[in-house]
Amino acid sequence: MTLLKMSFFGAVFIIAVVMIRAIAINSLPKKTFLVLWEIALLRLIIPFTIPSAFSIYSLINYSISTPAFYEAETDITSPISREYFMLIQGTEHPTANMPPVSVLFVGWCIGMILLAAFFTVSYLRCRIEFRAALPVNNAYAEQWIKECPLKRRISIKQSDRISTPLTYGILHPVILMPKQTDWKNINQLRYIFSHEYVHIYRFDTLTKLIAAYALCIHWFNPFVWLMYILLNRDIELACDESVIRQFGDKSKSAYSLMLISMEEKKSGLSPLYNNFGKNAVEERITAIMKTKHTTAVTLLSAFLIIFVTVSLFATSATASTDRKTNPALTASDPTTKTGDIAADKKSAMAIIHESADIFYYEDGAPYIHDILTNNTDSAIVETQYCMLAYSENGSPLKLYWNFLDSSTESSFENIVRTKTNILPGQTEEYRGGWSLYDGEIMKDFPKVGNGEANQTAYSLLCLEQVVFEDGTVWNNPDYENWFKKYAGKEMDIDELRNYYPYEYKIVSD
């Protein structure tokens, strides 16, 4: 799954959570929304998903199309740009030139690096300041640490660099208190320590780190920014709710007054730490005053909302309805239009190679643009095929796969393997393709042969192997005959022009 698809599907899930939050923020346990946000994070950073018949994409037969990112024999994909794969014509001449990258990819990298630098600098700046923090010598604080049931060792320190309490650290968490804390106000200390303990117990610092990571990757998506803001708010709301349930309804007023006091003193801190007075205080106080006792009905409602939301928006369409655009460039198979080929499939199937044309990028560089249709009953997940090239007058051209292996000898048999996901009934079409060498256009590339212009006018492709989603591997029994017929042979121009479309009819034994 490409980055843009991950970002799109993540945005759809975020929108669903935002709508649920707007309706039920004060009706459901706040932990409900933390679970939903955590699932949203997984949706953004995990490049695969679970298909479901109950997915919204299955129900509405939704199809999303994103820029094609290519791979061959590798799992290397570019999140924004297409990668150029070089087919070099003529004599063998190794080159270590790296493929060009698009402006979009460079822009994405710059944005990601800048945002990651912001988080890193903020983190390091605060950690440097926190080193000056001093241990707290207070009887209640020491007693609270002794009674703390957490296995991880918790430290309580104080600093004159902060104005509100905060928590940092994951394995060895530290509760950092302002130097001007009223250590004689035991009730306030109880509230603060209990609030920070919830942060520590739930690994909120780690959650914020993962959220920051997702934001760096998807910085171009405004919905991910919205998620980051609301996630931080809901972390605080969930802690507030836990404290109120621990101390009872009578603590609502005192706890709210303490929040107001903390809000007046708060200062800018790193977004990676759990800050006591960080979020919108009005929303927090409203949520505190509306906190209700948890009942079986509210727990069941929360569970159902999480289950339904995940089923609808966090899963992908099933193979029968989801029409994915895959990052891999696929090739298809030319053979006879009428030949029947046996395969281990249960019903009649066909794979059609619609065309393979020579097109040109904006800079004039030529590439082979091919289109494959899958008319089988199973998704195609991997293909291996041969590419042959011919000049304008039908003369064969020797090519070799230079980008992946510069030591490969020049040969007519140019085998490439690609990973893909072409669903039954789907025609896969690409914006880019397999780049060809042109000495007159690619001035910055190492010279190949005598540096002549591209001679390829026609390209014939033939499937050698197809791997289906159900694990079936189909090997083309006519491949050798096809290769002997076309490779290195002078071809009639009319035959080259009328080569496509070609169809493999695959029938049961």
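This passage describes helix packing, one internal cavity and two backbone features in a predicted model.

Helix α2 spans residues 31-45. Two of its partners are considered here. One is helix α8, residues 222-247. The other is helix α11, residues 296-314.

The axes of α2 and α8 come within 9 Å and cross at roughly 150 degrees. Angles over 145 degrees count as roughly antiparallel, so α2 is roughly antiparallel to α8. The crossing is left-handed. On the α2 side, the contact is made by Lys 31, Phe 33, Leu 34, Trp 37, Ala 40, Leu 41 and Leu 44. On the α8 side, the contributors are Val 224, Met 227, Leu 230, Leu 231, Asp 234, Ile 235, Ala 238 and Glu 241. By class, this contact holds 12 nonpolar and 3 charged residues, with no polar ones.

The pairing of α2 with α11 has another geometry. Here the axes come within 10 Å, and the crossing angle is roughly 20 degrees. Angles under 35 degrees count as roughly parallel, so α2 is roughly parallel to α11. This crossing is right-handed. From α2, the residues in contact are Thr 32, Val 35, Leu 36, Ile 39 and Arg 43. They meet Ala 302, Ile 306, Thr 309, Val 310, Phe 313 and Ala 314 of α11. The contact of α2 with α11 comprises 8 nonpolar residues, 2 polar and 1 charged.

Helix α8 also packs against α6, which covers residues 186-201. The two axes lie 9 Å apart, at an angle of about 125 degrees. That angle falls outside the ranges for roughly parallel, perpendicular and antiparallel, so α6 and α8 are oblique to each other. Their crossing is right-handed. Arg 190, Tyr 191, Ser 194, His 195, Val 198 and His 199 represent α6 in this contact. Their counterparts in α8 are Ile 235, Glu 236, Cys 239, Asp 240, Ser 242, Val 243, Gln 246 and Phe 247. The residues divide into 6 nonpolar, 5 polar and 3 charged. Ile 235 of α8 takes part in the contact with α6 and also in the contact with α2.

Helix α6 also borders empty space inside the protein. The structure holds 4 cavities of 30 Å³ or more. The second largest has a volume of about 40 Å³. Two elements each give two or more residues to its lining: α6 and α7, the latter covering residues 204-217. The lining consists of 10 residues. Gly 169, His 199, Ile 200, Phe 203 and Thr 205 lie nearest the cavity centre. By class, the lining has 3 nonpolar, 5 polar and 2 charged residues. His 199 is thus named twice: it lies among the residues nearest the cavity centre, and it belongs to the contact of α6 with α8.

Phe 203 also stands out in its backbone. This residue is found in the loop between α6 and α7. Its phi is near 55 degrees, a positive value in a residue other than glycine. Phe 203 is also one of the residues nearest the centre of the second largest cavity.

A further backbone feature occurs at Pro 501. The peptide bond from Tyr 500 to Pro 501 is cis, with omega near -5 degrees. Pro 501 is found in the loop between α13 and β18. Residues 493-497 form α13, and residues 502-507 form β18.

How values were computed. Residues numbered from 1 in each chain as written. Predicted model: local features only at pLDDT ≥ 70, side-chain atom pairs only at ≥ 80, totals over all residues. Heavy atoms only, no water. 1 Å grid on protein atoms, 1.4 Å probe; cavity = no way out; pocket = protein on both sides within 12 Å on 5 of 7 lines; lining within 4 Å. Points joined across faces, edges and corners; volume = space filled by probe spheres on them. Helix = DSSP H or I, 4+ residues; strand = E, 2+ residues; numbered from the N terminus. Nonpolar A, V, L, I, M, F, W, Y, C, P; charged D, E, K, R; others polar. Axes fitted to C-alpha atoms, helices over the stretch in contact; angles between N-to-C directions. Parallel < 35°, antiparallel > 145°, perpendicular 65-115°, else oblique. Left-handed = near helix turned anticlockwise from the far one by under 90°. Contact = heavy atoms within 4.5 Å.
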